[in-house]
Amino acid sequence: MYLCQVCGYRAVKWLGRCPGCGGWDTLVEEPEGSRRSRGGGGRRASLLRLAEVERAEFRRYSSGIGEFDRVLGGGLVPASLVLIGGDPGIGKSTLLLQAAGEYLRGGLRVVYLAGEESPAQVRLRAERVAVPGDLELAAETDLAAVLETLGENPPQVLIVDSIQTVYLPDLSSAPGSVSQVREAAARLLRWAKEKGTAVFVVGHVTKEGALAGPRVLEHLVDVVLYFEGDRSGPYRILRAVKNRFGPVDEIGVFEMGERGLSPVANPSAFFLSGGGGAVFPALEGTRPLLVEIQALVVKSYLAAPRRTCVGFDPWRLSMLLAILEKHLGISFYDRDVFLNVAGGLKIREPAADLAVCAALLASRLEKTLPPETVFCGEVGLSGEVRRVMGLSVRLKEAARLGFRRAVVPSGTSPEPGLPDLVTLSRVEALLEDLS
Ligand code: TYD
Ligand code: MG
């Protein structure tokens, strides 16, 4: 059956437009019987007292790659389904092959389903990143057949590379379609729980809205990891955006080299480019990380001036520009504004506001930012500077890397080992810090 995802209209064949609600491209193939009737009668469910539930005692599998284990929340949990997403060519297959090698060396059985590349290509790459020869390959994209074969003697780890290339023969739609991707993942999830196998699923992020991309799977899987970073540069950031077994927003930092990805254990300094931007002590998961925020403000010749962000939310930039216009009386409406977070990191924390404002003001007013200074604080709509979480961890990291001054919200109390504090209660006070 084809089911409209918006209004629930059912059709026997696919239609471009739903006759029920008029929505375009909303019909998705669903296997018959996957939606059970909700009538009364029939089977009864049993309830358990919490104290009667058996404690789940899991031993995590360590990959020996510290940065990878860290993002997983301390290692791979048996029977879990982990999605690894990212742009094509960013390093998903490379990382998983390397992890496979380490799991093998640790005595686990690992099967790699290669749907994207031929076994010969996989071997070539596996040898480059030193994967032992006893890695088992399934050069097959019929997922049902692979699971059938593995069912008798399930491995501890299964890698499906990628979810967009495998298919279930009982669905008629093509591999990579929403229904195939979703059903294949659901089948893998049930299989993982039943067999106790930890399953990695690779998903390519597709450019246009990611319809059949990893996003449709996020709610289903236990762990979602995304690769960030600029493919043209050497650094790759792996971020946990969902983790049922560990903290989210934990990141791992890797460097792509001749022999695959190598962990960067102490990445704080890697995102500092020395480009004269405002330095922001970010907190990614539990890890403080210093990043440089660069701004360029130039006279605009456009009716609607450009606002371009790399690694920062464009809406938040617009908001900060409006705040600066209103409370400092400095015009941006006739300027193009470019904002860049050096090193390919994506900053999502409002705590970066103060650093963004400092970089914007310095470029707009052609002034220099004070040396050896970090900026950290959220800026509210009325121009007030608000306190942020984890300030002391952030500032300790800044001090460790040689920063001597920190511009922070008022109310922050000095502690031994921190940089000298410059406290502000309003964003206007930033001007005093520029020369
Ligand atoms: P890959 O893992 O194939 O990306 P994905 O699976 O996410 O599509 O990464 C491929 C890129 O990494 C490719 O451009 C080549 C580069 N690379 C290296 O630089 N060194 C290496 O040792 C390997 C294996 C790949
Ligand atoms: Mg790949």
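Me: Which domains does the domain assignment of the chain give?
Reply: The assignment divides the chain of this predicted model into domain 1 (1-35), domain 2 (59-265) and domain 3 (272-433).

Me: How should I read the relation between two domains, and what separates the centres of domain 1 and domain 2?
Reply: One may begin with the centres and then turn to the contact. Taken over C-alpha atoms, the centres of domain 1 and domain 2 are 30 Å apart. Seven residues from domain 1 and seven residues from domain 2 take part in the contact.

Me: What area do domain 1 and domain 2 bury between them, and which residues of domain 1 lose the most?
Reply: Buried area is summed over both parts. Here domain 1 and domain 2 bury about 540 Å² between them, with 45% of that area on carbon and sulfur atoms. On the side of domain 1, the residues that lose the most area to domain 2 are V28, E29 and P31, which together account for 73% of what that side buries.

Me: Turning to the ligand, which residues come nearest to ligand 1?
Reply: There are 16 residues around ligand 1, and among these G89, S93, T94, G257 and G260 come nearest.

Me: How do I recognise polar contacts here, and which residues place an N or O atom 2.6 Å or 2.8 Å from an oxygen atom of ligand 1?
Reply: The test is a pair of N or O atoms within 3.5 Å. In the side chain of T94, an N or O atom is 2.6 Å from an oxygen atom of ligand 1. The backbone also takes part: a polar backbone atom of G260 is 2.6 Å from a ligand 1 oxygen, and a backbone N or O atom of K92 lies 2.8 Å from an oxygen of ligand 1. As for cover, ligand 1 on its own has 560 Å² of accessible area, of which the protein covers 74%.

Me: Which elements give two or more residues to the shell around ligand 1?
Reply: They are α2 (92-105), α3 (119-128) and β11 (251-257). The element that gives the most is α2, with three residues. By residue class, the shell holds three nonpolar, seven polar and six charged residues.

Me: Finally, how should I read the backbone, and where are S162 and A130 found?
Reply: Omega describes the peptide bond, and phi is read residue by residue. The bond that joins D161 and S162 is cis, with omega about 10°; S162 lies in the loop between β7 (157-161) and α5 (178-195). A130, although not a glycine, has a positive phi of about 60°, and A130 is located in the loop between α3 and β6 (136-138).

Note on methods: Residues numbered from 1 in each chain as written. Chains lettered and ligands numbered in written order. Predicted model: local features only at pLDDT ≥ 70, side-chain atom pairs only at ≥ 80, totals over all residues. Heavy atoms only, no water. Near = heavy atom within 4 Å. Polar contact = N/O pair within 3.5 Å; in protein donor to acceptor, adjacent residues only side chain to side chain. Areas by Shrake-Rupley, 256 points an atom, 1.4 Å probe, with all protein chains shown as cover. Helix = DSSP H or I, 4+ residues; strand = E, 2+ residues; numbered from the N terminus. Nonpolar A, V, L, I, M, F, W, Y, C, P; charged D, E, K, R; others polar. Domains from an automatic or database assignment. Contact = heavy atoms within 4.5 Å. Buried area = accessible area lost by both parts, 1.4 Å probe.
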